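Thanks for coming, everyone. I will keep this brisk, so please have the model open and follow along.

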Amino acid sequence: MATLILVRHGRSTANTAGVLAGWTPGVFLDERGAAQAAALPDRLADVPIAAAVSSPLERCLQTMQPLLDARPGLELQTDERIGECHYGDWSGRKLAELADEPLMEVVQQHPSAAAFPGGESMRAMQARAVDAVREWNARIDAAHGEDAAYVMCSHGDIIKSLVADALGMHLDLFQRVHVEPCSVTAIRYTRTRPFLLRLGDTGDFGSLAPRGNGGGNDGGGTAVVGGGAGAP
């Protein structure tokens, strides 16, 4: 079956502000995020891309635009099922403030039981994203053949949940996965099993350097809900 190239959107204004954006409108790429998106066409230059799919949120559409400009024949289709998790009442709030919410421990340790007030559960988020990928795999196979590759631009928690599904991991383990802004994750689907080919590849190893704050995904044991801002 098809090879799925997952791209997390470039760094956004919400990432740098430490805000959980969710579906809040008007969240765009910051200057670094725009530069990350501009570099994407060269990073994928050697990959024949049969189709492009995106979350309908602005930061994903912006991330895909340079790739579309570089490949005039490539049309973008949007799919709400790969849009960000519906964080409900948590949307637009500071991550530092949310860290004190009792629900955050559940999100971190037992996400399959986490449901956001006024929003959706993390199980529902994963289910819709997996359903979308399965459907797109079938469509790409039918239209372009089983060796085709296609790009899907989405969000940190969505991509992490898709990786967990591909690896046969329980959703409760998905917080162990980390994908940086504008990173590329590739999954090749076959009739019997998926193969994870790339995970959070940015071509930049600066994010591996110790940051000295002991928080987030740097060793403090807490995953950044929504995905984090990436390397400084």
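I will go from the overall layout to a few local details.

First, a caution: this is a predicted model. Every value I give is computed from it.

Let's start with the whole chain. How many helices and strands does the protein chain have? There are seven helices and six strands. Read along the sequence, they run β-α-α-β-α-β-α-α-α-β-α-β-β. The chain has 232 residues, and 47% of them count as buried.

Now go to helix α6. This helix covers 122–144. Does its length agree with what its residue count predicts, or disagree? Here is the reasoning. α6 has 23 residues, and at 1.5 Å a residue it should span 33 Å. The C-alpha atoms at its ends are 32 Å apart, which agrees.

Which residues of α6 are buried? Start at M122, then take M125, Q126, R128, A129 and V130. Carry on with A132, V133, W136, N137, I140 and D141. While you read that list, keep one point in mind. An α-helix has 3.6 residues a turn, so residues three or four places apart point the same way.

Stay with W136 for a moment. R139 lies over the face of W136, 3.9 Å from the ring centre. There is another such contact elsewhere. The charged end of K160 sits over the ring of F174, at 4.8 Å from the centre of that ring.

What comes after α6? G145 follows the helix, and its phi is positive, near 95°. Compare C182. Its phi is near 60°, a positive value in a residue other than glycine. C182 sits in the loop between α7 (156–166) and β5. Is C182 buried or exposed? It counts as buried, because its relative accessible area is 2%, and the cut-off for buried is under 20%.

Next, the aromatic rings. A pair of aromatic rings is described by the distance of the centres and the angle of the planes. How many aromatic pairs are there? The count comes to two. One is Y87 with F116, an edge-to-face pair: 5.0 Å centre to centre, with 90° between the planes. This pair links distant parts of the chain, with the two positions 29 residues apart in sequence terms. Y87 lies in the loop between β3 (76–78) and α4 (95–98). F116 lies in the loop between α5 (102–109) and α6. Y87 and F116 are both buried.

The other pair is W90 with F116. That one is edge-to-face too, at 5.2 Å centre to centre and 65° between the planes. W90 is in the loop between β3 and α4, and it is 26 residues apart from F116. W90 is buried, as is F116. Put together, Y87, W90 and F116 form one aromatic cluster.

Stay in the loop between β3 and α4, where we also find E84. Is E84 buried or exposed? With a relative accessible area of 3%, E84 is buried, because anything under 20% counts as such. Where is G22 relative to E84? The two are 62 residues apart along the chain, yet their C-alpha atoms are separated by 5.7 Å.

Two more long-range contacts. M104 lies in helix α5. M104 is buried, with a relative accessible area of 8%. M104 and T222 are 118 residues apart in sequence, and 9.7 Å apart in space, C-alpha to C-alpha.

Then R191, in the loop between β5 and β6. Is R191 buried or exposed? R191 has 78% relative accessibility, so it counts as exposed, the cut-off being over 50%. Its C-alpha atom is 6.6 Å from that of M1, and the two are 190 residues apart along the chain.

Last stop, the second largest pocket. It holds about 340 Å³ of space. How many residues line this pocket? The lining has 14 residues, and L44, V47, V184, A186 and R198 lie nearest the centre. Which elements give two or more residues to the lining? They are β1 (3–8), α2 (31–43), β5 (184–189) and β6 (194–201). By type, the lining divides into seven nonpolar residues, one polar and six charged.

That is the tour. Questions are welcome.

Conventions:
Residues are numbered from 1 along each chain as its sequence is written. This is a predicted model: local features need pLDDT of at least 70, side-chain atom pairs count only at pLDDT 80 or more; totals for chains, interfaces and linings use all residues. Side-chain values use heavy atoms; hydrogens and water are left out. On a 1 Å grid over the protein atoms alone, a cavity is a set of points where a 1.4 Å probe fits but cannot get out, and a pocket is an open set with protein on both sides within 12 Å along at least five of seven lines; lining residues have an atom within 4 Å of a point. Grid points are joined across faces, edges and corners, and a volume is the space filled by probe spheres set on the points. Helices (H or I, at least four residues) and strands (E, at least two) are DSSP runs, numbered from the N terminus. Ala, Val, Leu, Ile, Met, Phe, Trp, Tyr, Cys and Pro count as nonpolar, Asp, Glu, Lys and Arg as charged, and the others, Gly among them, as polar. Buried means under 20% relative accessible area, exposed over 50%, partly exposed in between (1.4 Å probe, protein chains only). Rings of Phe, Tyr and Trp (its six-membered ring) pair if their centres lie within 6.5 Å; planes under 30 degrees apart count as stacked, over 60 as edge-to-face and the rest as tilted. A charge sits over a ring if NZ of Lys or CZ of Arg is within 6 Å of the ring centre and within 35 degrees of the ring normal. The expected span of a helix is 1.5 Å times one less than its number of residues.
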